[in-house]
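Please open the model in the viewer and keep the sequence panel visible beside it. The tour below proceeds from one selection to the next and states what is found at each stop.

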Amino acid sequence: DVHPLVSQAELLHALGIFARLQSLMQASTEEQGARLQAGVERLVGNSNTDAQKTERGWCERLVTLADRSSSEHFQLMLSPGETLASRLLVEHRLKYATQGEKEKLEVLEVSSQAMALAQEIAVRVGTHGGGALLVDYGHDRAFGNSLQAIRDHRFVDLLDQPGMSDLSAYVDFAALRHCCSLAAGTS
């Protein structure tokens, strides 16, 4: 009995979250600019690509339905081979990783949303002046396996009671800095 893979969008939709996120993110460029000038800009994003190095290449970590005999509803699995996301995003991120980082990596998290947002911030600052201070926890290098779920101030299984826990992952500050440099034309 094989269960279909569930994309992140399908999982969010099933949890009733997708429609709320979609309405937040569909503001036009003019609306976003007005919100920014009014000081009410909301930035929402949670899209990581997790990939694991295998003999088949960089395989994406996916969410699938758990076996019917399991008490869990969902489980993580590796894609059968490289996916478009793992191939393009991993290749892009590894272009500016050090050789030492590349040799040590077995798992890699890449946040395309964070990289795109960093480029957008750099373009806005470059166009309108000002600065940006990005504060979070993370590393100044490529890494993997930081995605975690937290409920009631405790770490819990990532897929236990979806929608009832806060999901968190470290920030790859080296990737954000590189994307800002690309947007500014200094890379």
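Begin by selecting Ile-150 and Asp-166: Ile-150 stands opposite Asp-166 in S9. The elements named here, helices (H or I, at least four residues) and strands (E, at least two), are DSSP runs numbered from the N terminus. This is a predicted model, in which local features need pLDDT of at least 70 and side-chain atom pairs count only at pLDDT 80 or more, while totals for chains, interfaces and linings use all residues. Residues are numbered from 1 along each chain as its sequence is written, and side-chain values use heavy atoms, with hydrogens and water left out.

**The sheet around S7**

Select S7 together with S9. These strands pair in the antiparallel sense over 3 bridges; two strands pair if DSSP finds at least two bridges between them. Add S8 to the selection, and an open sheet of 3 strands appears in the order S8-S7-S9, with antiparallel pairing. Its edge strands are S8 (154–156) and S9, each of which pairs on one side only. From one strand to the next, the twist averages 45°; the axes are lines fitted to C-alpha atoms, for helices over the stretch in contact, and angles run from 0 to 180 degrees between N-to-C directions.

**Gln-148**

Next, select Gln-148, which lies in strand S7 (residues 148–151). Is Gln-148 buried or exposed? Gln-148 counts as buried because its relative accessibility is 19%, and buried means under 20% relative accessible area, exposed over 50% and partly exposed in between (1.4 Å probe, protein chains only). Which residues does Gln-148 contact, leaving aside its neighbours within four places in sequence? They are Tyr-137, Phe-155, Leu-158, Asp-166, Leu-167, Ser-168 and Tyr-170, where contact means heavy atoms within 4.5 Å.

**The aromatic residues**

Two of the residues in contact with Gln-148, Tyr-137 and Tyr-170, are the next selection. A search of the whole structure finds 2 aromatic pairs. Tyr-137 and Tyr-170 form an edge-to-face aromatic pair, with 5.3 Å centre to centre and 90° between the planes. This pair links distant parts of the chain, 33 residues apart: Tyr-137 is in the loop between helix H6 (112–128) and strand S6 (138–139), and Tyr-170 is in the loop between strand S9 (166–168) and strand S10 (171–172). Rings of Phe, Tyr and Trp (its six-membered ring) pair if their centres lie within 6.5 Å; planes under 30 degrees apart count as stacked, over 60 as edge-to-face and the rest as tilted. Tyr-137 is partly exposed at 36% relative accessible area, and Tyr-170 is partly exposed at 34%. Add Phe-143 to see one aromatic cluster, formed by Tyr-137, Phe-143 and Tyr-170.

**Two loop residues**

Move to Asn-145, in the loop between S6 and S7. Its phi is near 65°, a positive value in a residue other than glycine. Asn-145 is exposed, with a relative accessible area of 52%. Then select Gln-161, in the loop between S8 and S9. The phi of Gln-161 is near 50°, also a positive value in a residue other than glycine. At 44% relative accessibility, Gln-161 is partly exposed.

**Strands S2 and S5**

Select strand S2 (residues 49–54) and S5, which pair in the antiparallel sense over 4 bridges. Within this pairing, the bridge partner of Asp-50 is Glu-109 in S5. Both faces of S5 are covered: Val-107 and Glu-109 are buried on one side, and Leu-108 and Val-110 are buried on the other.

**The nonpolar core**

Leu-108 and Val-110 lead to the largest nonpolar core, which has 16 residues; those with the most contacts inside it are Trp-58, Val-90, Leu-94, Leu-105, Leu-108, Val-110 and Met-115. Helix H4 (84–94), strand S5 (107–110), H6 and helix H7 (173–184) each supply at least two residues of this core. A nonpolar core is a set of buried Ala, Val, Leu, Ile, Met, Phe, Trp, Tyr and Cys residues joined through side-chain atoms within 4.5 Å.

**Gln-113 and the whole chain**

In helix H6, select Gln-113, which is partly exposed at 40% relative accessible area. The C-alpha atoms of Gln-113 and Thr-49 are separated by 9.9 Å, although these residues are 64 residues apart along the chain.

Finally, display the entire chain. It has 7 helices and 10 strands, and buried residues make up 29% of its 187 residues. Of the contacts with a separation of 6 or more, 59% are between residues 24 or more positions apart.
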